[in-house]
Every structure is written in structure tokens, then in C-alpha cells.
Amino acid sequence: MSDNKKYTVTEHILFPATPLNLEALNKAVANKRILITGGSFGIGEQVAYKLARAKANLVLVARSKEKLEEVKMQVEELGGNVEIFVADLTNETELDAFINKLKSEDTGIDIFISNAGKSIRRSVFDSLDRFHDSTRTMALNYFAPVKLSLALIPQLLKQQGQIITVSAANVLLIPAPKWSAYQASKVAFDQWLRAASPELRAKEVAVSHVYLPLVKTRMIEPTEAYKKFPAMRADHAATIVCKCIISRQRKFKPWWLIFGEIGSVLFRVPIEFFMKNSNTK
Ligand SMILES: NC(=O)c1ccc[n+]([C@@H]2O[C@H](COP(=O)([O-])OP(=O)(O)OC[C@H]3O[C@@H](n4cnc5c(N)ncnc54)[C@H](OP(=O)(O)O)[C@@H]3O)[C@@H](O)[C@H]2O)c1
């Protein structure tokens, strides 16, 4: 259940511990109903456990029924209340059925954690017959959270709620080769929500963008090159998401990302030259 992998020295420096005030978290989630998309594995699963300890009321949605049932058992053991829904959010009929279910209930959603995501790392030359890589990443990483947000905004307005998006640090950097489908879809929702957030904030709905570095989940397992990269633990990423519930802060990004952002502007030409000439497997 927990993610006990130890950090290396480099990882300790890159990902300093995030203190979490449990009393403040208990208070922030008391009588709130929290939707986590992708609550069956990885970051979403760990967020569910952290919120369960704060006795939160959770709604989890993902495709893997058995895994969701396991998570439900753990959440209940930890003291949380949870409802699980099995749905493929890329399937319009299943997404609509899930949305209709949420809309038909008396108890609305107070906090929407948009976490479900799919990544694909593939060269554009290996993608020539794979337009579906773009449609499926857009379906999950962009269209599903947009449709859910639009459906939930009336409920969030009533409860001065919050939308938290689990985004990626690369969204703020020079686009990396081989990530075109994934990166475009993550940028799309990030931009959509950034554009919507002044309107939402004006009506007391908080919006938080969590720009995560590499995180040790099954998402990065297929990428050989990432086995040796420093990566955050999923439970640490979950702590950051929980901290955003307490603080309702606009964004989280790792302390060092600002240097990448500045470098992306100042050193764009050499970085692009390096990218053109590197051939990371
Ligand atoms: N891992 C990283 O390095 C990293 C870095 C930055 C940002 N992120 C972001 O973090 C979020 C969580 O990723 P993760 O690393 O925790 O990955 P993960 O372990 O693969 O978890 C992804 C979650 O999304 C759910 N999901 C996938 N496809 C779905 C679909 N079609 N319908 C409904 N649910 C679906 C999965 O559940 P089922 O398979 O049961 O459906 C799972 O619960 C993603 O938005 C990702 O972009 C990850």
C-alpha cells in the first residue's frame, strides 16, 4: 500500500520533504466530498490513502475494478469513506454515465482532483500510422477533465470548491522530443484550466496546478532511460496534492523548475541543438 522506496542523496535535494499538517488536512476535508480520477494506482491511489487518514469522503474512478476494490478496502481500514466507479474515461458513454451519476446525487463534489492520465513516449517517425496515440491521450488527459470540470462547476460554485490538476513539470519547459502526443494533451488541459481559473477564482472556486517532476509509478516503467533518473515517490506527490487542499494555492512546482523555465528561454537554441543530436532510447 505505502510507497516506502528510499530517496538517494540527489533525490533528497531535488525533492525536499513536504511537511503536512494533519490537523489542518482533517479540517480542510471535513464534510467535503472529493473526486479523484485515476484513484486505482500511482499518485491517485496514494492521495486516496492520505485523505483516508483524514477521514475524507472519497469518490474514485478508474478502469481496474479489482484494484479499485482493493483500494476501497484499504481506504476504509484507514478511516475514510469511499465510493468507487469503474469507467473508462476515454469512452464517451462511460464518461457520460459517470457524470450523470454525479449530477443526480444530492451530495455534490467539493474537490475535483483531475489525476487520471496516460503517457506515451514515441518518436514521431514511429507514430506515422498511430494517429490514435494523439486521440487517446487527448481523450483522457484533455477532453475527460474538461467535460468533468464543466459538469462539476455548478456544484463547485455552491460549495466554494476546488479543482486540482496533476500536471507535469515539462508543461512549463521546452517540449521534449518523443513526447508530442502526451505533452500536447497535458499542455491542453493546463491551458484550459489556466484560462478558466480567473473566472472560477472570482467566484471562490480555487484552482491548483501541481507541476510534478518524474514520479516513480508504473507510468514511467516502460521508459528504460528513466530507470536511472531521479524521481519523486508517489506518496510524496500525494502529500503535495493534499497540501494544496489545505492551502488552496494556485500552483506547486519543484524549487528547481524555475531554472529550467529560465533556461528554456535563455538557452533555447543550444537546448534544441542538444535535443536534435541526442538519441536517448
Ligand atoms: N509518473 C510521472 O512521472 C508523472 C509526472 C508528472 C505528471 N504525472 C501525472 O500524474 C497523473 C497520475 O499518473 P501516475 O504516474 O500515477 O500513473 P499511473 O500509476 O499509471 O496511474 C494512472 C491512473 O489513471 C487511471 N487511468 C488510466 N487510463 C484511464 C482511463 N482510460 N479511464 C479511467 N482511468 C484511467 C489508471 O487506472 P486504471 O488503469 O485502473 O484505469 C490509474 O489509476 C497523470 O495525470 C500523469 O500525467 C505523472
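The following exercises, each with a worked solution, concern the predicted model shown above.

The model is predicted, and local features require pLDDT of at least 70, side-chain atom pairs count only at pLDDT 80 or more, and totals for chains, interfaces and linings use all residues. Residues are numbered from 1 along each chain as its sequence is written, and side-chain values use heavy atoms, with hydrogens and water left out.

**Exercise 1. The sheet**

Task: State in which order the seven strands of the open sheet stand, and why one side of strand 3 and of strand 9 is left without a neighbour.

Solution.
1. Strands are DSSP runs of E with at least two residues, helices are runs of H or I with at least four, and both are numbered from the N terminus. Two strands pair if DSSP finds at least two bridges between them.
2. The seven strands form an open sheet in the order 3-2-1-4-5-6-9, with parallel pairing.
3. Strand 3 and strand 9 (251-252) stand at the edges with a single partner strand each, so one side of each has no neighbour in the sheet.
4. Strand 2 (residues 57-62) and strand 3 (residues 81-86) run parallel and are joined by six bridges; one pair of bridge partners is Val 61 and Phe 85 of strand 3.
5. Strand 1 (residues 33-37) pairs with strand 4 in the parallel sense over three bridges, and Leu 35 stands opposite Phe 112 in strand 4.

**Exercise 2. Strand 5 and its neighbours**

Task: Determine how many bridges connect strand 5 to strand 4 and to strand 6, and establish whether the residues of strand 5 are buried or exposed.

Solution.
1. Strand 4 (residues 111-114) pairs with strand 5 in the parallel sense over four bridges, and Phe 112 has Ile 163 of strand 5 as its bridge partner.
2. Between these two strands the chain passes through helix 6 (residues 131-158), in a right-handed β-α-β crossover. Right-handed means that, with the strands pointing away from the viewer, the path from the first strand over the helix to the second runs clockwise.
3. Strand 6 (residues 206-212) pairs with strand 5 in the parallel sense over seven bridges. Val 166 has Val 210 of strand 6 as its bridge partner, and Ser 167 stands opposite Tyr 211.
4. Strand 5, helix 7 and strand 6 also form a right-handed β-α-β unit.
5. Seven of the seven residues of strand 5 are buried, where buried means under 20% relative accessible area, exposed over 50% and partly exposed in between (1.4 Å probe, protein chains only).
6. Both faces of the strand are covered, with Gln 162, Ile 164, Val 166 and Ala 168 on one side and Ile 163, Thr 165 and Ser 167 on the other.
7. Strand 4 is likewise covered on both faces, by the burial of Ile 111 and Ile 113 on one side and Phe 112 and Ser 114 on the other.

**Exercise 3. The ligand shell**

Task: Identify which residues come nearest to the ligand, and which element supplies the largest share of the shell.

Solution.
1. A residue is near the ligand if one of its heavy atoms lies within 4 Å of it. There are 30 residues around the ligand, of which Arg 63, Ser 64, Asn 115, Tyr 182 and Thr 217 come nearest.
2. The shell has 16 nonpolar, ten polar and four charged residues. Here Ala, Val, Leu, Ile, Met, Phe, Trp, Tyr, Cys and Pro count as nonpolar, Asp, Glu, Lys and Arg as charged, and the others, Gly among them, as polar.
3. Helix 3 (42-53), strand 5 (162-168) and helix 7 (180-202) each supply at least two shell residues, and strand 5 gives the largest share, three residues.
4. An N or O atom in the side chain of Tyr 182 is 2.6 Å from a ligand oxygen atom. For Arg 218, a polar side-chain atom lies 2.8 Å from an oxygen atom of the ligand, while a backbone N or O atom of Phe 41 lies 3.2 Å from one.
5. The protein covers 96% of the 880 Å² of accessible area that the ligand has on its own, by the Shrake-Rupley method with a 1.4 Å probe; for residues, only the protein chains shown count as cover.

**Exercise 4. Two residues**

Task: Classify His 209 and Glu 272 as buried, partly exposed or exposed.

Solution.
1. His 209 lies in strand 6 and counts as buried, at 5% relative accessibility.
2. The side chains of His 209 and Asp 190 are joined by a polar contact of 2.9 Å. Such a contact is a pair of N or O atoms within 3.5 Å; within protein, one must be able to donate a hydrogen and the other to accept it, and residues adjacent in sequence count only if both atoms are side-chain atoms.
3. Glu 272 is found in helix 10 (residues 268-277) and is partly exposed, with a relative accessible area of 37%.
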